[in-house]
Amino acid sequence: MDAKSTARRLSALIEGQDRISIAVAWGGIMPLAETLPANRNKYESVLLGVDFSATDPDLIDCFVDIPNAFVAKNRPGCFHPKIFYFQSGTKAETIVGSANFTKGGLGPNLEASVYVKGAANDPFFEQVRQQLDLYKPLRLPITQPLADSYRRQSKAADSTPRPKNPVLPGEGKDWKGVNSPLGIMPWTEFAKLARQDLHHDFTKRMKLVRAFQQIFSKTRSFANLSAAEANGVAGVLGRVEAEGAGLDGLDWGWFGSMGGAGTFAELIGLEDQALAAALDAIPKRGDLTKAQFDYYVAAFTTPSRDPREPRVLLRQPGSSR
């Protein structure tokens, strides 16, 4: 069967059969997808892969807290089956092939699937059920925290050519990292907590921000800063140097110090022009554009040789320099 024939057959099977078992690599939102949650009482197992964050988060939301609806846990290798199995009494029907449960896999894609109908005790259907049973250790129930986390990770992965697998519950430090309170709280909540922080001096931090603003208001380029100012921005300004430059009275590492990154600190000291060009690509206000980001990456990754050698750099987007 081709993709559209598979879609028509699946629609009839989901609505007409008593028991549903599915294991599919990826899923998406489409008219057919709406019929699956509506028949939740028939599930024996609906297992969706989320490798590379390729399943639509809207579809994951549809299965939150539905019994016997799962995502596949992370494991070596890609979760890549496309098995649709249905049974009513002693009769079974199945579709096995290349089509994912997506708009493309069941629409315009060039797919090939096999549809088989017969007695449920036939050896062929026993093999299909055995294969589905092999995926039992991968079943992870779809909770609201999982769905929320997956949506954030899927959104972040939209700009990458081949995103990594999402981090799922039970994966220890990785799960805690992407779902930490700091990582998911709204900006208004962060600002409120920052002002109330008893362990870090909010007033001194804001004083340092104003010092940064004054430094950058004097010039259009990081390359034009004094050596002491550049070191201050990088958080590697020493006390003696700060006093000599009239920049004492501030803790220049309040927002992070690059002192432990030897190569970066060295480039700051050498007044590296490529590094300056990269930093100049960061807009002082407004949204960051893709062109600005691409320029930043190109400048930042320019091989560093003798800092006295002239650099040939791309022109910064929106700049006449």
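This is a short talk on the sheet, the helices and one loop of a predicted model.

Hi everyone, thanks for coming. What you have on the screen is a prediction, so please hear every number today as a value computed from that model.

Let's start with the sheet. How many strands form it, and in what order? There are seven, forming an open sheet that runs E6-E5-E4-E1-E2-E3-E7, and the pairing is mixed. The edges are E6 and strand E7, residues 139–141, each of which pairs on one side only. On average, neighbouring strands here are turned by 20° against each other, if we ignore direction. As a reminder for those who don't look at sheets every day, strands pair through backbone hydrogen bonds, either parallel or antiparallel.

Let's walk across it from the E6 side. E5 and strand E6, residues 113–119, are antiparallel and share seven bridges. If you'd like a pair to click on, Lys91 has Ala119 in E6 as its bridge partner.

Moving on, strand E4, residues 82–88, and strand E5, residues 91–97, are also paired in the antiparallel sense, over six bridges. Here you can find Ile83 opposite Val96 in E5. E4 and E5 make a hairpin with two residues between the strands, and in that hairpin Gly89 takes a positive phi near 60°.

In the middle of the order we come to the parallel part. E1 and E2 pair in the parallel sense, with five bridges, and Ser21 has Ser45 in E2 as its bridge partner. Is strand E2, residues 43–48, mostly covered or mostly open? It is mostly covered, with five of its six residues buried.

At the other edge, E3 and E7 go back to antiparallel pairing, over three bridges. Val71 stands opposite Leu140 in E7 there.

Now, what lies across this sheet? One answer is helix H4, residues 123–133, which lies across strand E1 (19–24), E4, E5, E6 and E7 and runs at about 120° to E4.

On to helix pairs, and I've picked two. The first is helix H1, residues 3–16, with helix H2, residues 31–38: their axes come within 10 Å and cross at roughly 20°. Angles under 35 degrees count as roughly parallel, so H1 and H2 are roughly parallel to each other. Their crossing is left-handed. On the H1 side, Ala7, Leu10, Ser11, Ile14 and Glu15 make the contact, meeting Leu32, Thr35 and Leu36 in H2. Sorted by class, that contact has five nonpolar, two polar and one charged residues.

The second pair is helix H13, residues 273–280, and helix H14, residues 290–300. Their axes come within 8 Å and cross at roughly 165°, which makes H13 roughly antiparallel to H14. H13 passes H14 in a left-handed crossing. Which residues touch? From H13 we have Ala274, Leu275, Ala277, Ala278 and Leu279, and from H14 we have Tyr295, Tyr296, Ala299 and Phe300. In this contact there are nine nonpolar residues, no polar ones and no charged ones.

Staying with H13, this helix is mostly covered, since six of its eight residues are buried. Those are Ala274, Leu275, Ala276, Ala277, Ala278 and Asp280, so do notice the aspartate in that list. What covers them includes helix H12 (262–269) and H14.

Last stop: the loop between helix H3 (57–62) and strand E3 (69–72), where Ile66 lies. Is Ile66 buried or exposed? It is buried, with a relative accessible area of 5%. Leaving aside neighbours within four places in sequence, Ile66 is in contact with Pro37, Arg40 and Tyr43.

Asp65 is found in that loop too, but at 58% relative accessibility it counts as exposed. Its phi is also worth a look: near 65°, a positive value in a residue other than glycine. Why point that out? Because most residues other than glycine have a negative phi.

Asn68, also in the loop between H3 and E3, has a positive phi of about 70° although it is not a glycine. Asn68 is partly exposed, at 33% relative accessible area.

That's my tour. Thanks for listening, and I'm happy to go back to any part of it.

Definitions and conventions:
Residues numbered from 1 in each chain as written. Predicted model: local features only at pLDDT ≥ 70, side-chain atom pairs only at ≥ 80, totals over all residues. Heavy atoms only, no water. Axes fitted to C-alpha atoms, helices over the stretch in contact; angles between N-to-C directions. Helix = DSSP H or I, 4+ residues; strand = E, 2+ residues; numbered from the N terminus. Parallel < 35°, antiparallel > 145°, perpendicular 65-115°, else oblique. Left-handed = near helix turned anticlockwise from the far one by under 90°. Contact = heavy atoms within 4.5 Å. Nonpolar A, V, L, I, M, F, W, Y, C, P; charged D, E, K, R; others polar. Pairing = 2+ DSSP bridges. Buried < 20%, exposed > 50% of the residue type's maximum accessible area, 1.4 Å probe, protein only.
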